[in-house]
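Let's take a walk through this model together, starting with its charged pairs and ending with its nonpolar interior.

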Amino acid sequence: MAEEEAVETSLAGLSPERRQPGLENDDEDEENADADGETAALNGLAVSGNAKSNNVDVKAAKSELETDEKGMEEESTRESDSNILDVSSDYPREKHISIQRHLADLEKLADVKEDEKKPCPLCPEEKFRACYNHKLHRHLQNLHWKVSVEFEGYRMCICHLPCHPVKPNLIGDQTFSKMGAHYHCIICSATITRRSDMIGHINRHVNKGETESRFITVPAPKSSLEVLKESATDVQVLPNYSTPHKTDSYFNPKMKLNRQLIFCALAVLAEERNPIECLDAFGATGIMGLQWAKHLGSSVKVTINDCNENSVTMIQENCHLNKMNVKLNIKEEDRDETVGDEEGNTDTIEVTKMDANVIMHLRSFDFIHLDPFGTSVNYLDSAFRNVRNLGIVSLTSTDISSLYAKAQHVALRHYGCNIVRTEYYKELAARIVIAAVTRAAARCNKGIEVLLAVALEHFVLVVVRVLRGPSPADDSAKKIRYLIHCQWCEERIFQKEGNMVEENPYQQLPCDCHGSMPGKTAVALGPLWSGPLYNTGFLRRMLFEAVQYGLDEAQPLLKTLVCEAECTTSKHFSTHSPYDENKQEECGVYIKTPNTAAESYLLQGKRRSDEVIRSAAKRQKSENSAEHPAFYYNIHRHSIKGMNMPKLNKFLNYLSEAGYRVSRTHFDPMGVRTNAPLAQFKTILTKYSTPTYTAGQAEGPVHLTEGVLAEQVQAAAAVKAEDVEFLEDNKSGVTAAMFTDDYSTHSAAD
């Protein structure tokens with residue numbers, strides 16, 4: 001009986017009711033003790049044995065009770081932690097809804113439908129009310145996705161849900177606990193308020209080596225990557241691929257025209273020498289290098305570089321997508337340690353992970369393209385350090401806010417140029433970039449020849465040929481001058497060569513605004529490139545390559561550039577055999593053609609013979625007279641109030657009939673490039689303009705000035721026939737005196 005009672009007491013102590021030791025268990029222990037005493041008096045040996053067994057059972061019961069209590073304490077602490085952090089201790093566990101890979105995944109949480117209002121999945125109802133699809137999409141993108149923190153392909157978006165309580169505020173007898181905005185850490189599930197603190201928190205995890213997420217990480221399916229096709233080349237892009245701040249692999253579809261122009265320039269160079277080594281210093285997705293290797297084949301050896309590891313991975317995947325072999329090079333010291341599929345294959349693309357300055361210092365290339373995000377002045381010295389003789393350097397500048405005179409202090413800081421907003425601001429931007437390129441090449445004892453300069457809405461593209469030697473460097477440096485710009489009439493002219501200071505620099509301007517207007521009327525802009533912006537022979541060969549490869553978007557622009565380079569309105573082109581018509585057209589440079597193979601062989605070395613230098617100098621003098629005029633005029637900026645202007649093509653014919661060179665320009669759709677002074681430009685524009693209204697007050701001024709205008713046009717034609725060389729060069733101060741009387745007469749008539 002005593003043994004059964006002892007067992008019952010031990011079982012009662014282990015019951016889940018957990019009785020307190022000072023209440024019911026004390027009475028039962030006393031009764032058991034009395035019973036044990038009575039049995040002990042009857043049989044001492046049996047009692048002693050039972051007592052030992054009871055002691056062992058009691059010790060085991062106590063140990064089990066202690067472990068059970070510890071387990072309950074741990075469960076209570078976990079419950080309290082889960083209430084604060086809203087996480088569980090299971091590993092791995094599901095991620096918070098604010099941590100997503102793509103913006104589309106975040107929109108799927110809201111179950112957006114066009115005809116229903118849906119609340120934001122990351123905001124409470126009192127903060128953001130339910131709305132329709134377009135407003136909710138804008139809210140998720142601008143408020144949550146834009147300020148997210150990225151880590152290993154995931155985006156930790158800002159969360160406004162009540163999972164991070166702020167310290168309560170006591171106001172009277174009421175307690176207000178406001179829920180604050182916060183981020184959920186993908187590694188340790190902590191909630192952090194500030195974005196900067198979250199970035200530092202993630203960096204501390206990375207420094208400690210804690211980069212594995214505790215969430216159930218599902219690799220991104222390949223179907224989620226969008227595949228774009230351009231010029232028979234497929235590339236995989238990540239979401240937000242057109243926003244450089246939100247993705248590593250930046251791809252801008254609006255730059256397709258830029259890529260086609262660069263491809264045409266490389267195709268022309270590939271016809272001169274074979275094979276050539278070309279470099280895409282900022283690969284991003286690798287679309288440009290893939291197009292080079294896919295269309296030009298064995299004539300080029302393509303190297304695509306990027307310093308971002310994610311971009312390098314994306315470039316390798318895009319190479320395999322286009323069935324190209326990859327040779328990976330991530331060593332800066334030794335270029336031989338590479339990893340590739342087939343090293344001897346000509347279709348192999350070399351992918352490097354280096355800084356752009358490093359790879360251009362280590363290796364020599366025939367063609368280098370620079371397309372950084374923003375200005376490219378930081379990479380010009382490295383580009384011209386090892387580029388081969390007669391090679392080509394092309395650069396795309398996207399810092400249009402500074403180049404287009406919207407941020408003038410940035411242009412002064414990056415390019416060392418003083419600029420203002422003018423009607424010809426796009427051509428001004430192109431000449432600023434070329435001036436920076438010229439100075440960088442001159443520091444390496446190299447000169448340049450501008451082959452192409454394009455300034456459109458999103459970028460400024462400059463393509464130059466490199467001429468090795470101090471003499472070409474000096475000739476190129478002399479073409480950097482200041483520009484005198486009249487702020488009243490928009491007239492402009494480059495300063496004369498020389499270092500002598502003139503008493504009155506306003507005399508160089510053809511206008512007389514300084515004499516008729518009080519104060520200072522002109523400003524000095526620059527220093528700028530004063531040479532030509534195009535090479536006609538190179539542009540014609542680019543047009544031929546564009547037709548051959550079916551680049552439809554580049555052909556209209558190239559036709560406009562050829563007309564602009566020749567300063568003519570003719571639109572008849574012969575693209576069937578450009579090499580026979582335009583042999584040796586580029587100033588100072590022989591082009592490799594079947595008839596000039598021996599001469600081109602002389603130019604492959606580091607030094608040229610004296611005969612080639614003399615022939616190049618003669619050709620330069622003969623071609624300087626055929627250079628296109630600098631800058632252009634906008635026909636709308638100089639129109640007359642109350643008068644209808646003639647059509648642009650008719651106005652070009654009127655200027656051409658007056659004896660001036662004239663053409664349209666790609667910089668401005670309503671711009672006119674001509675060597676006519678601004679006074680004669682306005683005179684001819686006024687002559688062929690018609691009054692807007694047929695009332696008597698509108699017809700009066702036209703009849704009064706008709707005879708005077710006819711005399712001015714005849715006088716201008718006579719002056720053009722006598723002094724055509726002075727008007728084309730625009731380098732003589734006599735030009736200003738010749739047109740002073742005409743301009744004053746025109747002002748009186750107006």
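How many salt bridges does the structure hold? In this predicted model, the structure holds 17 of them.

A good place to begin is Glu423, which pairs with Arg492, their closest N and O atoms lying 2.7 Å apart. Glu423 sits in the loop between α13 (408–415) and α14 (425–443) and Arg492 in strand β20 (residues 492–494), so this salt bridge ties together parts that are 69 residues apart in sequence. Both partners are buried.

Now turn to helix α18 (residues 554–566), where Glu566 meets Arg540 of helix α17 (residues 536–549), a link between residues 26 apart in the chain. Here the closest N and O atoms are 3.0 Å apart. Arg540 counts as buried because its relative accessibility is 15%, while Glu566, at 30%, is partly exposed.

Another salt bridge joins Arg673 to Glu564, with 2.7 Å between the closest N and O atoms. Arg673 belongs to strand β25 (residues 671–674) and Glu564 to helix α18, so the pair connects parts 109 residues apart in sequence. Arg673 is buried at 0% relative accessibility, and Glu564 is buried, also with a value of 0%. Elsewhere, shared partners join Arg273, Glu277, Asp366 and Arg388 into one network of salt bridges.

What about the nonpolar side? The largest nonpolar core has 111 residues, and Phe384 and Met542 have the most contacts inside it. Helix α7 (residues 256–272) supplies the largest share, 11 residues. Beyond its neighbours within four places in sequence, Phe384 is in contact with residues including Val393, Val437, Cys444 and Ile448. A second, separate core of 24 residues includes Cys486, Cys511, Cys513 and Phe681.

Note on methods
Residues numbered from 1 in each chain as written. Predicted model: local features only at pLDDT ≥ 70, side-chain atom pairs only at ≥ 80, totals over all residues. Heavy atoms only, no water. Core = buried A, V, L, I, M, F, W, Y, C linked by side-chain atoms within 4.5 Å. Buried < 20%, exposed > 50% of the residue type's maximum accessible area, 1.4 Å probe, protein only. Helix = DSSP H or I, 4+ residues; strand = E, 2+ residues; numbered from the N terminus. Contact = heavy atoms within 4.5 Å. Salt bridge = Lys/Arg side-chain N within 4 Å of Asp/Glu carboxyl O.
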